[in-house]
Each structure stands twice: as C-alpha cells, then as structure tokens.
Amino acid sequence: MVTKEKIEAIIRGHLLDGPVYLTGIKISSDQDIHVYLDGDEGVTIKDCVMLSRAIEAELEEQRAIFSLDVSSHGATTPLAMPRQYKKHIGRTLEIRLNDTTKAEGELLHADDKGFGIRFEVRENKPLGKGKVTVEKKQEFLYTEVKEVKVKLKY
C-alpha cells in the first residue's frame with residue numbers, strides 16, 4: 001500500500017529544497033495519487049514530468065498498483081504554506097479568517113509567522129458631510145487564517 005509518508009520521502013529526495021516544493025498530496029482509497037507542487041518562480045510541465053517519473057520508478061520497484069497525477073498547485077487553490085506568500089507580494093488576496101470574517105487587500109509582506117495587507121475603505125469625513133477614501137493596513141498570523149486565495153484579475 002502506498003502511503004503519504006512514502007510519497008513525501010520520494011519527493012524530498014528528488015526536489016532537495018530547491019525552488020520547486022510540495023504543497024499537498026492526496027491519496028484515495030483506490031490508490032489514486034495526486035501530488036501538488038508550487039515553485040518560487042512557478043512550476044513547469046518539465047518539473048511535473050520529472051517528479052512523476054521519479055515517483056513512478058520508485059513505486060513500480062515496490063510493485064505497487066496506483067495511478068499518479070503530478071500538477072501545479074493551481075491558481076485558484078488556497079495558499080498552503082508561508083513560502084507561497086512571498087511570491088505573491090503586490091497581488092490582491094482574499095482572506096477568510098477562523099472567526100468567519102473576511103478581508104481583502106494587497107499583500108505587502110510575509111514571513112514565517114504571518115503577513116500584512118493594504119486596503120482602502122470609505123469613511124465619513126472628519127468634518128462635514130460625505131465620505132473619504134482611507135488607506136489602511138492590517139496584519140494577520142497564519143494561525144488566525146482559515147483560507148487565503150490570490151484574487152485573479154480578468
């Protein structure tokens with residue numbers, strides 16, 4: 001039987017802390033294996049093919065029965081690890097917090113503990129009638145975030 005740990009070990013041995021990294025593995029009960037990759041500068045088809053061949057070679061040696069799909073993390077898939085945030089600095093994020101509130105803004109910075117965004121809101125003028133647009137910043141810890149997606153522009 002193929003396990004997540006076995007697949008992770010094969011991948012770690014192949015990727016060696018390089019610019020392409022693992023963001024997820026899903027294995028169904030009938031041994032359909034899905035491996036998701038991301039990269040500091042993106043993921044190419046060549047990256048996916050090379051890793052797929054490495055995994056297949058190792059599992060076929062062990063006479064495992066499986067199907068395998070190796071693909072990029074995907075543009076609409078939520079960010080899974082802090083490393084992914086850094087390459088999206090300057091892009092707009094859609095954030096859903098653990099307390100079910102939502103936020104949206106331009107990613108300013110990210111580190112191993114959290115990230116910060118900039119956004120605009122309309123507020124009442126301090127004097128007189130009407131509203132004024134105000135720029136604000138907000139910090140988030142990864143522990144308070146349920147899901148973050150990069151907002152795609154069409």
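**Figure 1. The lining of the largest pocket, sorted by residue class.** In this predicted model, the walls of the largest pocket bring together 6 nonpolar, 7 polar and 3 charged residues. The space they enclose comes to about 220 Å³. Of the 16 lining residues, Asp 38, Gly 74, Ala 75, Lys 87 and His 88 are the closest to the centre of the pocket, so these five are good names to look for in this close-up.

**Figure 2. The second largest pocket and the residues around it.** Here the volume is about 150 Å³. Many of the names come from one stretch of the chain: Ile 11, Arg 12, Leu 15, Leu 16, Asp 17, Gly 18, Val 20, Tyr 21 and Leu 22 are among the lining residues, and Arg 83 lines the pocket too. Two elements, α1 and β1 (20-27), each give two or more residues to this lining. Sorted by class, the second largest pocket is lined by 6 nonpolar, 1 polar and 3 charged residues.

**Figure 3. How helix α1 sits against helix α2.** Helix α1 covers residues 4-15 and helix α2 covers residues 45-61. Their axes lie 10 Å apart, and the packing angle is about 130°. The two helices are therefore oblique to each other. Follow α1 past α2 and you will find a right-handed crossing.

**Figure 4. Side by side: the residues where α1 and α2 meet.** Which residues of α1 meet α2? They are Lys 6, Ile 7, Ile 10, Ile 11 and His 14. On the α2 side, their partners are Met 50, Leu 51, Ala 54, Ile 55, Glu 58 and Leu 59. Taken by class, the residues of this contact comprise 8 nonpolar, 1 polar and 2 charged. Ile 11 is worth a second look: this α1 residue takes part in the contact with α2 and also lines the second largest pocket.

Conventions. Residues are numbered from 1 along each chain as its sequence is written. This is a predicted model: local features need pLDDT of at least 70, side-chain atom pairs count only at pLDDT 80 or more; totals for chains, interfaces and linings use all residues. Side-chain values use heavy atoms; hydrogens and water are left out. Axes are lines fitted to C-alpha atoms, for helices over the stretch in contact, and angles run from 0 to 180 degrees between N-to-C directions. Helices (H or I, at least four residues) and strands (E, at least two) are DSSP runs, numbered from the N terminus. Angles under 35 degrees count as roughly parallel, over 145 as roughly antiparallel, 65 to 115 as roughly perpendicular and the rest as oblique. A crossing is left-handed if the near helix is turned anticlockwise from the far one by less than a right angle, and right-handed if clockwise. Contact means heavy atoms within 4.5 Å. Ala, Val, Leu, Ile, Met, Phe, Trp, Tyr, Cys and Pro count as nonpolar, Asp, Glu, Lys and Arg as charged, and the others, Gly among them, as polar. On a 1 Å grid over the protein atoms alone, a cavity is a set of points where a 1.4 Å probe fits but cannot get out, and a pocket is an open set with protein on both sides within 12 Å along at least five of seven lines; lining residues have an atom within 4 Å of a point. Grid points are joined across faces, edges and corners, and a volume is the space filled by probe spheres set on the points.
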